[in-house]
Amino acid sequence: MLDKNELVRYSRHILLSEIGTAGQEKLKNAKVLVIGAGGLGCPVLLYLTAGGVGEIGIVDFDKIDASNLQRQVLYTVDDIGRLKAETAAAKLAQQNPYVKFTVFTQQLTTQNALEIINQYAIIVDGTDNFSTRYMVNDACVLLNKPLVYGAIYRFEGQVSVFNYKVEQQEQGPTYRCLFPVPPGLESTPNCSEIGVLGVLPGMIGTMQAAEVIKMITGIGTPLSGRLLLLNALTMDVNTLEIKRTCETIKGVPTNAEEFRKADYAFFCGDVPTAIKSINAKQLLVLLKEKDKLQLLDVRNSDEEPVINDFFDLQIPFGDLLDEVEKLSRTKQVVVFCKSGMRSKRAIEILQKEFQFNNLYHLEEGLMGWIQGNQLT
Amino acid sequence: MQLKFFGKLAEVTGKPTMEITSIADTDSLLNKLLQDFPKLKEYNILIAVDKKIVKQNQQLESHNEVALLPPFAGG
């Protein structure tokens, strides 16, 4: 129930017949998590707070820097060096004492993301790097949470609503339906040091806030299934239609355990994951604990030699992408072929496109295995 | 047909829009662009034909408008 002061505070919302007292109460009962309290996070937080969202979580481990002040409008000179999440919550609490804030000042990782995200009904992505964006997307897919996406580059922005399900309709597309594969190192020179028009995150962030408020109150048409592109230089707005594609969603870990073990930090300044190799002798040792292993043969089924020592799973190289869900994300997966060429290439693709971090390449393949262990 | 480039792709091609004639489908278009602008190979490129994102090769007609965009990470 809204008290007397709230009825006054929110009167301009309540006067809208589409929102009214009922809609404002929905806002009061809503729980929204804002990931990133930077350029996008500041306007999102300001308008969700002012609009009366009852509980807001703020995730950011970063501290305020002088170069943030050009666009991160919650912060002042005196705040430099302070934690963004804590500072933002303190300022916002002054703006609206009816909102409950929870701050998460630890870095979001595969270890804590599910637990944090699960406490909220709607998630807002205001992060500044691809690693976290893929991780947050995958967590939202696993937990069945809608994700309000915003991203900026120089003078341009993108907004969408992912993984959103309206009653009687199919679940909307996810970030991976748009960009199935994280970009390579070369196209992400340094995520934090690209120029950006200061007002741009304000424009994109307020659109994200509008989507959140529409979803909570159930009014209008959210950007689910559509990607909005804004160019602040020309003020051109394009809205592109996106379809949910099951094929690309396969890149998402299938359960919490896999998610916790997935490696999202292999680009955006981080070293790309190298290919881990083992030789025939090392494999012999590993085979003593075979229940911790998965052996993947990427040869065609009619290839010689037939190997009975450790037959486990055979997926011909060409079919890998279609059958990737058969691969374990928790066991050590030893990938092999005849001489080691295809297995190496398979691991490169699986690591890049599906973020596996538990794959091992058998050096010199079965030929090496036979020579090294004198087995047939 | 008209091509529209977004984000870094417009920086690589040097212009936000381009006219192109006689291209059969989206795969051939992408191949031609990669040939003309090899630096495009570095990017994940999303293609939309007449404002619909396409994931498979699609026939193109001269009246189509094709948008090519990369992912953005900034926030």
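Helices here are DSSP runs of H or I covering at least four residues, and strands are runs of E covering at least two, both numbered from the N terminus. With that in mind, and remembering throughout that this is a predicted model, begin the tour by selecting chain B, where there are two helices and five strands. If you follow the chain along its sequence, these elements come in the pattern β-α-β-α-β-β-β. The radius of gyration of chain B is 12 Å, close to the 11 Å that the globule rule gives for 75 residues, so chain B is as compact as a globular protein of that length. Turn the C-alpha trace of chain B about its principal axes, and you will find that it spans about 35 × 25 × 20 Å. Of the 75 residues in this chain, 40% count as buried, and 60% of the contacts between residues at least 6 apart in sequence join residues at least 24 apart.

Next, select strand 1 of chain B, residues 2-5, together with strand 2, residues 17-19, which pair in the antiparallel sense over three bridges. Within this pairing, look for B:Lys4, which stands opposite B:Thr17 in strand 2 of chain B. Now keep strand 1 in view and add strand 5 of chain B, residues 65-69, whose pairing with strand 1 is in the parallel sense over four bridges; here B:Phe5 stands opposite B:Leu68.

Then display both chains and move to where they meet, with 34 residues of chain A in contact with 18 residues of chain B. On the side of chain A that touches chain B, the elements giving two or more residues are helix 7 (130-143), strand 5 (147-153), strand 6 (156-162) and strand 8 (236-241) of chain A. If you colour that side of chain A by residue class, its residues divide into 15 nonpolar, 14 polar and five charged.

For the last stop, stay with chain A and select the open sheet of five strands in the order 9-13-12-10-11, with parallel pairing. Strand 9 (276-278) and strand 11 (313-314) of chain A stand at the edges with a single partner strand each, so one side of each is left without a neighbour in the sheet. Strand 12 (residues 332-336) and strand 13 (residues 359-362) of chain A run parallel and are joined by three bridges, and A:Val335 has A:His361 in strand 13 as its bridge partner. Finally, add helix 13 (residues 341-354) of chain A, which packs on the sheet and touches strand 12 and strand 13, its direction making about 165 degrees with that of strand 13.

Notes: Residues are numbered from 1 along each chain as its sequence is written. Chains are lettered from A and ligands numbered from 1 in the order in which they are written. This is a predicted model: local features need pLDDT of at least 70, side-chain atom pairs count only at pLDDT 80 or more; totals for chains, interfaces and linings use all residues. The radius of gyration is taken over C-alpha atoms; the globule rule is 2.2 Å times the number of residues to the power 0.38. A residue is buried if 20 or more other C-beta atoms lie within 10 Å of its own, exposed if 12 or fewer, and partly exposed in between; C-beta atoms are placed from the backbone. Two residues are in contact if their C-beta atoms, placed from the backbone, lie within 7 Å. Ala, Val, Leu, Ile, Met, Phe, Trp, Tyr, Cys and Pro count as nonpolar, Asp, Glu, Lys and Arg as charged, and the others, Gly among them, as polar. Two strands pair if DSSP finds at least two bridges between them. Axes are lines fitted to C-alpha atoms, for helices over the stretch in contact, and angles run from 0 to 180 degrees between N-to-C directions.
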